[in-house]
Amino acid sequence: MIKTLKSNISRSIIGLIASCALLPQVAAHKYFFGLTDVSWNAHTGNIEVVHQYTLHDVELAIGRFFNTPFRIDQPDAERKVKEWLNARFSMTSSDGEPIALDWVGLEADFQNLWLYQEKSHSKTEFCNWEITNRVMLSTYPAQVNTVNVKGDDITRGITLNEQRDTKKINCGK
């Protein structure tokens with residue numbers, strides 16, 4: 001009886017040690033994606049852009065961008081995030097005019113980061129607008145960025161990656 005109990009405890013300890021050895025492999029994900037929502041808000045008269053990414057991926061990417069370690073809780077973090085995002089995400093209207101987005105702010109929890117931008121703009125359906133999203137692509141070549149665009153009469157989604165980081169919104173009837 002005691003021999004069996006010792007054997008079971010030994011197996012449990014070995015199993016626990018083996019599980020702990022695998023934790024870094026389980027914690028390190030092998031997929032990289034970002035989600036961006038672009039919409040026109042009738043109540044504010046603004047185009048609103050919300051980006052969502054995995055926090056530790058962004059911290060690594062921004063650290064590489066500035067060639068210095070980066071954490072979201074450092075004093076100059078918001079300035080660095082804004083500069084990094086502006087260098088990687090852009091929109092151009094159907095008449096070829098760049099849309100200079102204003103920075104609203106960011107939110108983070110232990111896992112995700114949300115970035116907010118907006119621009120005062122007349123009502124638009126986003127047809128033939130060009131969107132470029134290079135966020136994370138230089139750090140993670142397997143990164144996939146999905147951009148959902150919503151106007152009053154249309155909802156479109158585009159997928160951008162290292163092979164194609166720019167696309168026009170097709171509103172074909």
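**Asn67 and its surroundings**

Biologist: Where does Asn67 sit?

Modeller: Asn67 is placed in the loop between H2 and H3, and please keep in mind that we are looking at a predicted model.

Biologist: What about its phi, what value does Asn67 have?

Modeller: Asn67 has a positive phi of about 55°, although the residue is not a glycine. Most residues other than glycine have a negative phi.

Biologist: Is Asn67 buried or exposed?

Modeller: Asn67 counts as exposed, because its relative accessibility is 72%, and the cut-off for that label is over 50%.

Biologist: Which other residue has a positive phi without being glycine?

Modeller: Phe126 is one such residue, with a phi near 70°. Phe126 is also in a loop, in this case the one between strand E6 (112–120) and strand E7 (130–133). Its relative accessibility is 1%, so Phe126 counts as buried, whereas Asn67 counts as exposed.

Biologist: Back to H2 and H3, then. At what angle do they pack?

Modeller: The angle between H2 and H3, the latter covering residues 77–86, is about 80°, and their axes are 10 Å apart. The two helices are therefore roughly perpendicular to each other, since that label covers angles from 65 to 115 degrees.

Biologist: And which residues meet there, in H2 and in H3?

Modeller: From H2 the residues are Val58, Ala61, Ile62, Phe65 and Phe66, and they meet Lys80, Val81, Glu83 and Trp84 of H3.

Biologist: Lys80 in that list caught my eye. Is Lys80 buried or exposed?

Modeller: Lys80 is buried, because its relative accessible area is 8%, which falls under the 20% cut-off.

Biologist: Which residue does the side chain of Lys80 meet in a salt bridge?

Modeller: The side chain of Lys80 meets that of Asp76 in a salt bridge, at 3.5 Å from N to O. Through salt bridges that share partners, Asp76, Arg79, Lys80 and Glu83 are joined into one network.

Biologist: How far apart are the N and O atoms in the pair of Arg79 and Asp76?

Modeller: The closest N and O atoms of Arg79 and Asp76 are 3.3 Å apart, and the two residues form a salt bridge. Arg79 counts as partly exposed at 46% relative accessibility, and Asp76 is partly exposed too, with a relative accessible area of 27%.

Biologist: How many salt bridges does the count come to?

Modeller: The count comes to five salt bridges. One of them is formed by the side chains of Arg71 and Asp73, at 3.4 Å from N to O. In that pair Arg71 is partly exposed, with a relative accessible area of 49%, and Asp73 counts as exposed at 57% relative accessibility.

Biologist: Which charged residue is buried yet has no salt bridge?

Modeller: Asp57 is such a case, being buried without a salt bridge, and the nearest side chain of opposite charge, that of Arg64, is 9.6 Å away. Its place is in helix H2, which spans residues 55–66.

Biologist: With which side chain does Asp57 make a polar contact?

Modeller: The side chain of Asp57 makes a polar contact with the side chain of His56, at 3.3 Å.

Biologist: Staying in H2, what does Leu60 touch further along the chain?

Modeller: Once residues up to four places away in sequence are set aside, Leu60 touches Thr139 and Tyr140. Leu60 and Met136 are 76 residues apart along the chain, and their C-alpha atoms are separated by 9.4 Å. Leu60 itself counts as partly exposed, at 37% relative accessibility.

Biologist: Switching to the strands, what is Ile131 in contact with?

Modeller: Ile131, which is in strand E7, has quite a list once neighbours within four places in sequence are left aside, including Phe89, Ser90, Met91, Val147, Val149, Ile158 and Leu160. Val147 is 16 residues from Ile131 in sequence, with 8.4 Å between their C-alpha atoms. Ile131 is buried, its relative accessible area being 1%.

Biologist: Last one, the whole chain: how many helices and strands, and in what order do the elements run?

Modeller: The protein has three helices and 10 strands, and from the N terminus on the elements run α-β-β-α-α-β-β-β-β-β-β-β-β. Of the 173 residues, 37% are buried. Among contacts with a separation of 6 or more, residues 24 or more positions apart account for 58%.

Definitions and conventions: Residues numbered from 1 in each chain as written. Heavy atoms only, no water. Helix = DSSP H or I, 4+ residues; strand = E, 2+ residues; numbered from the N terminus. Buried < 20%, exposed > 50% of the residue type's maximum accessible area, 1.4 Å probe, protein only. Lys, Arg positive; Asp, Glu negative; His and termini not counted. Salt bridge = Lys/Arg side-chain N within 4 Å of Asp/Glu carboxyl O. Polar contact = N/O pair within 3.5 Å; in protein donor to acceptor, adjacent residues only side chain to side chain. Axes fitted to C-alpha atoms, helices over the stretch in contact; angles between N-to-C directions. Parallel < 35°, antiparallel > 145°, perpendicular 65-115°, else oblique. Contact = heavy atoms within 4.5 Å.
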